[in-house]
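Hi,

Here is the structure I said I would pass on. Have a look at it first, and my notes follow underneath.

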Amino acid sequence: LGLALCVVSGTAFLYHDYCVIGAGPAGLQVAYFLQQARRDYIVFERSHAPGSFFALYPRHRKLISINKQYTGKSNSEFNLRHDWNSLLSHDRRLLFRHYSRDFFPHADTMVRYLEDFASLLELRVQYNTAIVHVTLERNGQAWNGHYFLLTDQDRKNYKCSSLLVATGTWVPNVVNFPGSEYVEGYETVSINPEDFAGQTVLILGRGNSAFETAENILGVTNFIHMVSRSRVRLSWATHYVGDLRAINNGLLDTYQLKSLDGLLEGDLEDLAIVKDKKGKLHVTLRFYLENRNISAGIDSITLPQDELDNFATRAPYDRVIRCLGWKFDFSIYNRSLRMMPGKGNIKKYPQIKPNYESRGTRGLFVLGTASHSVDFRKSAGGFIHGFRYTTRAVHRLLENRHHGVPWPSTVYPITQLTNSIIKRVNEASGLYQMFSVLADIILLRENATAFEYLEEYPTGVLAELEMQTGRKASSGLFVIIMEYGRNFSGADKDVFYYNRAVGEAQHAWQSNFLHPVIYYYKRLPTEREMKLRPPEWPLPRPDAIHHIVEDFLTDWTAPNAHILPLRRFLENCLSTDLRSFFAESCFLFAFTRQKLPPFCQQGYVRMQGLMGSEGLRRHAVQAGLLQDYTLTDFPDDRPPDSHDRSGDQLLRDQVIPVRPLQHLVNAKDE
């Protein structure tokens with residue numbers, strides 16, 4: 001692809017259709033898809049190599065994204081369910097298991113992996129380029145009614161039609177309070193445990209970075225206290241991988257088993273820290289310092305223990321460490337882009353729509369960790385094993401919007417409906433990782449004789465499906481997603497209670513663990529119905545809904561518990577028979593029914609389908625699926641070519657008269 005040079009108001013701009021800011025995992029992932037589609041793009045990376053965030057973080061160098069080497073299966077799509085580090089590509093060499101055998105890999109391995117991903121796939125990344133300013137240029141001929149103008153640290157200028165922001169969240173969260181200058185940041189604090197020997201430490205924060213820091217020094221400190229405004233959230237209770245993981249929670253043991261360490265809840269903005277003459281740090285409350293000069297010395301300041309002599313943090317600390325996570329960098333975006341932070345607990349992310357496009361500017365998409373506001377504390381969109389799929393979804397939306405390439409789909413006869421669903425829920429990694437956020441969509445054709453299958457479409461823009469995908473949904477649709485039980489996840493939930501699992505199909509709607517749910521709509525839901533959907537529901541109320549009962553092995557292939565209830569649900573929705581039949585059964589139905597089942601119409605009548613054998617016929621008779629038409633009282637001297645031969649002979653010779661049957665069925669229709 002050639003490089004275009006534009007001149008705007010005397011300033012030269014290098015033009016590309018797509019500009020990507022950031023060569024972290026999300027930036028490289030979208031670059032791969034753009035390259036595969038042969039689009040004009042460029043990736044800007046401020047560092048000399050991709051994945052610069054992982055060159056520093058996590059500070060103690062152990063990732064908490066699992067790298068499961070063995071699953072007992074060779075299905076590559078299924079295995080991605082348990083590979084949280086690999087990016088999506090066609091190159092089998094670029095699976096993370098080829099880089100590390102550790103279940104929790106070293107962060108340096110991730111850096112090496114991302115370098116190989118960029119180089120082996122020859123992605124167009126421009127390193128040592130820090131974009132320092134982004135603004136808009138209105139232009140009616142542009143894709144979105146404007147161009148994006150970018151300026152780097154050397155005052156070089158770039159121009160693009162679509163802007164894909166994949167910078168992640170890398171600006172440390174800082175809380176300002178009196179004495180906060182004495183606080184050390186997670187990004188700079190020592191990682192040598194010996195530097196903390198015999199010290200008393202206070203950690204501000206309650207996430208994985210806080211517990212990771214505590215885990216590193218747990219064995220050498222006098223004691224560690226940890227304070228945050230919210231209670232600890234355990235990932236096994238919330239089913240959110242961003243909450244506290246077991247690998248880092250040693251402090252919970254030493255707290256609950258009374259080994260001096262402890263957790264406290266309190267608003268950090270209400271705190272104050274005072275330093276005494278010996279360099280010890282004392283925790284007090286901000287209101288004690290009102291109208292007082294903090295530099296006058298600790299003797300003139302009232303401490304909480306002066307009024308409450310058993311105040312929890314009355315012991316002085318040697319060090320206070322801030323571990324409050326990161327936020328998005330809004331500083332480089334001009335006001336014309338209207339890049340605004342979210343509200344409440346998602347204020348660290350930019351405001352975006354469910355299709356990952358900025359709420360303020362058309363054509364600006366946010367990818368990767370920074371897009372996590374769409375599913376914060378709900379799914380895995382803030383992590384590689386989640387946003388590798390949402391990034392692919394954004395690329396498919398862009399392909400349809402700007403290049404007229406519809407969302408990929410496959411058309412099947414209606415007889416394959418049950419099989420298609422069972423196959424996907426048992427192997428699809430995108431549905432499994434981005435549960436409740438990405439869904440498979442089944443668009444029914446007229447008269448329900450066939451269906452069109454779309455994979456991993458964002459549920460938040462279901463009402464816009466026809467516009468976003470270029471596909472029609474005029475005859476109804478099924479939506480397949482994965483869900484946890486409605487009341488099973490939460491910081492205060494006991495997820496290990498007795499009888500926590502459901503095993504019987506009739507109680508599938510009460511399933512707690514991750515399981516497939518199928519929504520049926522006679523028509524595409526409207527935008528208003530999406531907005532008015534019940535709280536915590538990923539989709540509006542359907543015309544019918546089916547839960548496939550949870551399975552201990554996450555293997556939904558049991559004929560009676562999983563497949564049969566699903567097939568009957570689909571049959572009820574479509575008012576048809578989705579069973580499969582042997583050729584002999586279809587032959588008999590042609591004479592005994594006014595309408596053949598779809599399997600016979602689409603198979604046997606067209607000279608396709610399952611041909612019987614003596615063993616299969618005998619099994620079907622024993623199972624009560626067929627009557628035994630075998631004739632045994634014919635004369636021994638009957639000619640071998642007689643028209644009254646037995647059913648066994650017909651099956652053995654495989655001469656079931658297909659063409660006459662076709663004419664007979666056509667005559668019936670007339």
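A good place to start is helix H10 (residues 417–427), which lies across S18, S19, S20, strand S21 (477–483) and strand S22 (515–521). Against S20, H10 runs at about 20°. Keep in mind that this is a predicted model.

Helix H9 (residues 384–403) also lies across S19 and S20, but H9 runs at about 120° to S20.

Now for the sheet itself. It's an open one with 6 strands, in the order S18-S20-S19-S21-S22-S23, and the pairing is antiparallel. Strand S18 (409–413) and strand S23 (544–547) sit at the edges with a single partner strand each, so each has one side without a neighbour in the sheet. From one strand to the next, the twist averages 20°.

If you want to zoom in on one pair, try strand S19 (residues 438–444) and strand S20 (residues 450–458), which are joined in the antiparallel sense over 6 bridges. Ile441 is a handy landmark there, standing opposite Leu454 in S20.

The other thing I looked at is the second largest pocket, which holds about 1400 Å³ of space. It is lined by 47 residues, and the closest to its centre are Val374, Asp375, Lys378, Arg533 and Glu536. By type, the lining splits into 17 nonpolar, 13 polar and 17 charged residues. Helix H12 (465–469) and helix H13 (527–531) each give at least two residues to the lining, with H13 supplying the largest share, 3 residues.

Cheers

Key
Residues numbered from 1 in each chain as written. Predicted model: local features only at pLDDT ≥ 70, side-chain atom pairs only at ≥ 80, totals over all residues. Heavy atoms only, no water. 1 Å grid on protein atoms, 1.4 Å probe; cavity = no way out; pocket = protein on both sides within 12 Å on 5 of 7 lines; lining within 4 Å. Points joined across faces, edges and corners; volume = space filled by probe spheres on them. Helix = DSSP H or I, 4+ residues; strand = E, 2+ residues; numbered from the N terminus. Nonpolar A, V, L, I, M, F, W, Y, C, P; charged D, E, K, R; others polar. Pairing = 2+ DSSP bridges. Axes fitted to C-alpha atoms, helices over the stretch in contact; angles between N-to-C directions. Contact = heavy atoms within 4.5 Å.
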